[in-house]
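Dear colleague,

Please find below the structure I am handing over to you, followed by an account of what was found in it.

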Amino acid sequence: MKYVSADEAVSLIKSGDYVYLQGSTSTPEVLAEALARRGHELRDVTIYTGFGVTKGEAPFCRPEYKEAFNVDSFFVNNSVRRWINEGYGSTTPRFLSDVPELFRKGIWPIDVVLLNCSLPNEEGYMSFGVSGDVACSAVECAKILIAQVNPNMPFSYGDPVVHMSRINAAVEVDEPLVEVPTPAPNEKEIKIGGYIAELIPDGATLQIGVGGIPNAVIAALSNHKHLGLHTEAMTDGVLPLLEKGIIDNSQKVIEPGKSVASLALGSRRLYDYMNYNKDIIFRDVAWTNDPFIIGQNPKVMSINSCLEIDLTGQICADSIGTRIFSGVGGQHDFVYGSSRSQGGISFLAMTATSNKGHNKIKPVLTEGAGVVTTRFQTNYIVTEYGAVNLLGKNLAERAKLLISVAAPEFREELDRAAAERFGYSYLRLK
């Protein structure tokens, strides 16, 4: 493995190349900055990005580089959000579990991958384990691998491992991974977490999203037993359950005894806990998020958040009107996967109003809002006013249930809208 400077490493990238930039909390920012410094000489370099949390905006997202770099993101993260919404880059809609096949089938050409890797182990293998997700397939398909070799990267077992003989250029760095603090749940989120936890049985397999609501759910599970973890993102929130043995993975069918994830978002404490921990396996997201694999585990509890919902149960989770805010992530994969699981339940949770007091349960979705989970798949909807199950309910019944968990100040308005839309089928329910 040849160690060079960052500028020497990115000199392997040519105009017209297709480059995948690793995500999660491990974006190789030293390499990204070096690539941006070549913006005056490169043209038409496509940069694929996905789910990630970075220190700030991507250095290549500058107007003077608009001819050099074309950003194509399958999950709009903080580093490229402004750039894409200003029209300089774009986003490709795709379920996260289906993104790897874009590389494997050659639909997305891939020339170069920029990685952030651990130090090699005794056998010469390095891990990029906090971000297995799509990086696994990109590494598999790319012609050139350029790696930051970073002592701060934990070594994770499973798919996100590469032998140093495959690295075309390596750069020694000592850069801390981005840390995502565990948000303390507020009063509303604690209520939501309690409603969900009451519906989770012992022996359940958990998929838990990111944020205050999932952490509130975790905090309410301290008296549960024999839980399992098969999730897309591992966060600090699960550490107490792992350390206390509440998550023991004893009743899972898929990888029993092991906690399974595809990426990690957390603090240094989480990364240290993962390091050379054989009880944790990280996998390619095409595998972790495969609904047919997810559904083989018993009692899969899928817990995700959303931005708004209409009275028929359509869920928007990726945009605010026409403005793309994030992406589908694994929501759809786990909603479907939990429906295939014996005793499985999917929960879509949100506070009933936004921070500005706007209603999130609406007669119709905001114009331009994307439907991430269709009304054909929606199961439990949870707000601070309760949990309602839409499974098997007709449109009028759904509207009535959803209004019951809306903020009280909006219920009269929603009631009128439901009566107008659904007519006597709704009125007869009163």
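Helix H12 is mostly covered, with seven of its ten residues buried. The buried residues are Gln331, His332, Asp333, Phe334, Val335, Gly337 and Ser338. Please note that this is a predicted model. The elements that cover the buried residues of H12 include two helices, H10 (285-288) and H11 (291-294), together with strands S11 (205-208), S17 (300-305), S19 (315-316) and S22.

Within H12, which spans residues 331-340, His332 deserves a separate note. With a relative accessibility of 13%, His332 falls in the buried class, the cut-off being under 20%. Leaving aside residues up to four places away in sequence, His332 touches Phe95, Val372 and Gln377. With Gln377 there is also a polar contact between the two side chains, at 3.0 Å.

Three of the strands that cover H12, namely S11, S17 and S22, also belong to an open sheet of six strands. The order in this sheet is S12-S11-S17-S22-S24-S25, and the pairing is mixed. Strands S12 (228-229) and S25 (386-389) stand at the edges; each has a single partner strand, so one side of each is left without a neighbour in the sheet. At the S12 edge, S11 and S12 run parallel and are joined by two bridges. In one of the pairings between them, Leu206 has Leu229 in S12 as its bridge partner.

The loop that follows S22 brings in another buried side chain. Lys360 lies in the loop between S22 (345-349) and strand S23 (361-362). Is Lys360 buried or exposed? At 16% relative accessibility, Lys360 counts as buried. Apart from residues up to four places away in sequence, Lys360 touches Leu307, Glu308 and Ile309, as well as the run Met350, Thr351, Ala352, Thr353 and Ser354. Of these, Thr351 makes a side-chain polar contact of 3.2 Å with Lys360. As a point of reference across the model, the C-alpha atoms of Lys360 and Trp108 are separated by 36 Å, and the two residues lie 252 places apart along the chain.

Strand S5 (residues 112-117) is enclosed in a similar sense. Six of its six residues are buried, so S5 is largely enclosed by the rest of the structure. In a regular strand, side chains alternate between the two faces of the sheet. In S5, Val112, Leu114 and Asn116 point one way, Val113, Leu115 and Cys117 point the other way, and all are buried. S5 is joined to strand S1 (residues 18-21) by three bridges, and these two strands run parallel; Val112 in S5 is the bridge partner of Val19. S5 is likewise parallel to strand S7 (residues 144-149), with six bridges between them, and Cys117 has Val149 in S7 as its bridge partner.

A further sheet is made of three strands. It is open, has the order S8-S16-S14, and its pairing is parallel. Here S8 (157-158) and S14 (259-261) are the edge strands, each with a single partner strand, so one side of each is left without a neighbour in the sheet. S8 is joined by two bridges to S16 (residues 280-282), and the two run parallel. Across this pair, Tyr157 stands opposite Ile281 in S16.

Finally, there is the matter of internal space. How many cavities of 30 Å³ or more does the structure hold? There are three.

The largest cavity has a volume of about 100 Å³. Its lining comprises 15 residues, and those nearest its centre are Thr27, Glu29, Lys55, Asn116 and Pro176. One of these, Asn116, is also among the buried residues of S5 described above. By class, the lining of the largest cavity divides into five nonpolar, seven polar and three charged residues.

The second largest cavity holds about 70 Å³ of space. It is lined by Val180, Pro181, Thr182, Pro183, Val210, Gly211, Asn215, Thr235, Asp236, Leu265 and Gly266. This lining has five nonpolar, five polar and one charged residues; the charged one is Asp236, since Asp counts as charged.

With kind regards

Technical notes: Residues numbered from 1 in each chain as written. Predicted model: local features only at pLDDT ≥ 70, side-chain atom pairs only at ≥ 80, totals over all residues. Heavy atoms only, no water. Pairing = 2+ DSSP bridges. Helix = DSSP H or I, 4+ residues; strand = E, 2+ residues; numbered from the N terminus. Buried < 20%, exposed > 50% of the residue type's maximum accessible area, 1.4 Å probe, protein only. Contact = heavy atoms within 4.5 Å. Polar contact = N/O pair within 3.5 Å; in protein donor to acceptor, adjacent residues only side chain to side chain. 1 Å grid on protein atoms, 1.4 Å probe; cavity = no way out; pocket = protein on both sides within 12 Å on 5 of 7 lines; lining within 4 Å. Points joined across faces, edges and corners; volume = space filled by probe spheres on them.
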